[in-house]
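Hi everyone, thanks for coming. I'd like to walk you through a structure that may be new to you, so please have a look at it first.

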Amino acid sequence: MSEPTANELILKGINASPGICIGKAYLVDKEGVDVVEKYYIQEDKREAEIKRFKSAVKRAQDELRSIVDNSPEELQQANILETHMALLKDKMLYGKTLTIIDSEHVNAEWALKTVVSNLKSIFQTMTDSYLKERASDIVHVSDLIMRNLVGAKTQDIAAIDKRVILVARDLSPADTSQINLERIMGFITDRGGKASHTGIIARSFEIPAVVGLENATTTIKSEDLIIVDGNTGTVIIHPNEETLVEYEEQKIRYEEYKAVITRESHVQATTTDGFRMEVMANIELPEEVVAARNYGGDGIGLYRTEFQYMNRPEFPGEDELFESYKDVVEVMGAKPVTIRTLDINGDKALVNSYGYDEVNPVLGLRAIRYCLKKPDIFKIQLRAILRAAAFGNVRLMFPMISAYFEIQLAKKILDEAAESLLKDGLPFKRDIDIGIMIEVPSAVITADLMAKEVDFFSIGTNDLIQYALAIDRGNKRVAYLYQALDPAILRMLKHVADVARDKGIKVFMCGEMAATPHHIPILLGMGMDELSTNPQSIPVVKRVIRSIKLEETHPFVADALKQTTAKNVFKLVRDTYGEILADHTYSGSFKLDQ
Ligand code: PEP
Ligand code: MG
């Protein structure tokens, strides 16, 4: 790549949605209300101040209601905007602001700002990146109230009528729902991570996006020419001639590459010597099932169900859960849908129950641990899953299992859920495959015991790497250690796969490790029966599998297991499979993680 000129500026962020676009920047939300003044309210003006706040919330509600009514069905189903509606009147936001105005005699803007900073810091200390992202919901909602309080003009992004690249601090779901996505070439934002709404929406609309740039809005002006490289997470401002030509060519190559790969996405992933690997999709929202099918997914390998429980004042009821599971199951027909039970730290899932602080939440009452402590909540989800199972091919999977008794207990509650459905005379199916996620080292080491209780293992490398190597995934200072190819991880994978084979159960992988082309020869050689990735990565994973001979991966894995460092394993992959993988540099091949 050419050296940047004095004019050319490069920003690095997080690659939230793949693709390259080149065009004019369009800055939104510059009018966001960043500076908030504090002043004291006299005793006799307090009622008026409270009233002023209430009217601002009312106006925000009306605004949001009209956005909800006019938003595309996809977004309505995701429940994001409804969640924002509920947040507007949430007692931790609305109630607390009123209390502060009343007790501290301060202006409404200041009270709101204080409440929001507190809530934000609670959310942001959470280690779960998904939950962390939810701090942005609070910010979006409070921005809306704040704009109404100070009378700032809301930018009319619905009126954007040219092909532009949106540059924003963050794009709220309300913002994105108004945008005519046909017109948008790309998104870039200061905030957000891969699990942000902007990321999710950009991926489902296949718009290149880079998020978490930190200072894009302060560096870029409207009308600036910019390049967005969603494959690498790079943004180039004022590109010079040479860079422009280079990226134009890259863009064409990427689009051709994507077209070729996608064209053959429905071809089975069978190795050159005839082994058929199932390549499934990971989804977070029911509507992503469409992408899963379009990209040639052989089923859903991981349905992360927690999305439906978050950002709302109350947990969803059984019927609501049942309907969304049933939708996914019906779209997939005979193909398997692996529904994972709630993977939350429950105390943080309910919008109105912050305040319960765990010193070390990643090691706390998370996922199955939470569900086993709250059997009533767990049973509602299990009943919904069993009911949906009557409509297709459902598998059930428990997350974060770290002890044998947890599986026994979870299955006992599952039996109780089935019995209660029988009593209620509701149709359901109990005879489904039950599996556990292997994402904690204790589950790896006791895999032989765990295998007795289940039909399959699904390895969650995202967490397994974190727990096995003792790396806080949110901590940049130790990010260099977060390597899927670390010898410790490879040995764990091999152990789990060997145990599964010995015990006659299936072994799958649904962690992100499975989405990277240069990991595929290793995963094949280890004996994985199925891989599951984000929908967009399915075609490339299938294509790589089709280029490999299974038989040759066995001595290769034996060699890989002798390596002393992730770097050496990586070099071995490159030396052995370089030619096959050379085409797939767009998909993150030939880069060590982080
Ligand atoms: C994992 O940990 O690898 C996994 C797939 O689960 P999640 O990313 O939802 O924690
Ligand atoms: Mg996990």
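**A walk from helix H15 to the metal site**

Let's begin with a pair of helices: H15 passes H16 in a right-handed crossing. Before I go on, please keep in mind that this is a predicted model.

How do we describe such a pair? Two packed helices are described by the angle between their axes and the distance between the axes. For H15 and helix H16, residues 404-424, the axes come within 9 Å and cross at roughly 65°. On the H15 side, the residues making this contact include Pro375, Phe378, Lys379 and Leu382. From H16, Ala410, Ile413, Leu414 and Glu416 are among those taking part. Sorted by class, the contact of H15 with H16 has 10 nonpolar, 1 polar and 5 charged residues.

H15, which covers residues 375-389, also meets helix H13, residues 318-332. Here the axes come within 8 Å, and the crossing angle is roughly 35°. The crossing of H13 and H15 is right-handed. H13 brings, among others, Leu321, Phe322, Tyr325 and Val329, while H15 offers residues including Ile380, Ala384, Ile385 and Ala388. By class, this contact of H13 with H15 counts 8 nonpolar, 1 polar and 5 charged residues.

Now let's step back to the whole chain. The protein chain has 24 helices and 17 strands. It is 594 residues long, and 57% of them count as buried. Among its contacts with a separation of 6 or more, 70% are between residues 24 or more positions apart.

Next, the metal. Which residues coordinate the magnesium ion, ligand 2? Glu439, through OE, and Asp463, through OD, do so at 2.1 to 2.2 Å. Glu439 sits in the loop between strand S14 (433-438) and helix H17 (441-445), whereas Asp463 belongs to helix H19, residues 461-469. The two are 24 residues apart, so the pair links distant parts of the chain. Are these residues buried or exposed? Glu439 has a relative accessibility of 2%, so it counts as buried. Asp463 is buried too, with 6%.

Another acidic residue I'd like to show you is Glu284, in the loop between strand S10 (276-283) and helix H12 (289-294). Its relative accessibility is 18%, and buried means under 20%, so Glu284 counts as buried. What does the side chain of Glu284 join in a polar contact? The partner is the side chain of Arg304, at 2.6 Å. Leaving out residues up to four places away in sequence, Glu284 touches Tyr303, Arg304 and Phe307.

A few loop residues to finish. Most residues other than glycine have a negative phi. His238 has a positive phi, near 50°, and is found in the loop between strand S8 (234-237) and helix H11 (241-263). Met400 has a positive phi as well, near 60°, and lies in the loop between strand S13 (393-398) and H16. His238 is partly exposed at 29% relative accessible area, whereas Met400 is buried at 1%.

Finally, there is Phe205, in the loop between helix H9 (197-204) and strand S6 (209-211). Phe205 is partly exposed, with a relative accessible area of 34%. Phe205 and Ser17 are 188 residues apart in sequence, while their C-alpha atoms are 9.3 Å apart in space.

Key. Residues are numbered from 1 along each chain as its sequence is written. Chains are lettered from A and ligands numbered from 1 in the order in which they are written. This is a predicted model: local features need pLDDT of at least 70, side-chain atom pairs count only at pLDDT 80 or more; totals for chains, interfaces and linings use all residues. Side-chain values use heavy atoms; hydrogens and water are left out. Helices (H or I, at least four residues) and strands (E, at least two) are DSSP runs, numbered from the N terminus. Buried means under 20% relative accessible area, exposed over 50%, partly exposed in between (1.4 Å probe, protein chains only). A polar contact is a pair of N or O atoms within 3.5 Å; within protein, one must be able to donate a hydrogen and the other to accept it, and residues adjacent in sequence count only if both atoms are side-chain atoms. Contact means heavy atoms within 4.5 Å. Donors are N, O and S atoms within 2.8 Å of the metal (3.2 Å for Na, K and Ca); water is not among the atoms, so sites may look incomplete. Axes are lines fitted to C-alpha atoms, for helices over the stretch in contact, and angles run from 0 to 180 degrees between N-to-C directions. A crossing is left-handed if the near helix is turned anticlockwise from the far one by less than a right angle, and right-handed if clockwise. Ala, Val, Leu, Ile, Met, Phe, Trp, Tyr, Cys and Pro count as nonpolar, Asp, Glu, Lys and Arg as charged, and the others, Gly among them, as polar.
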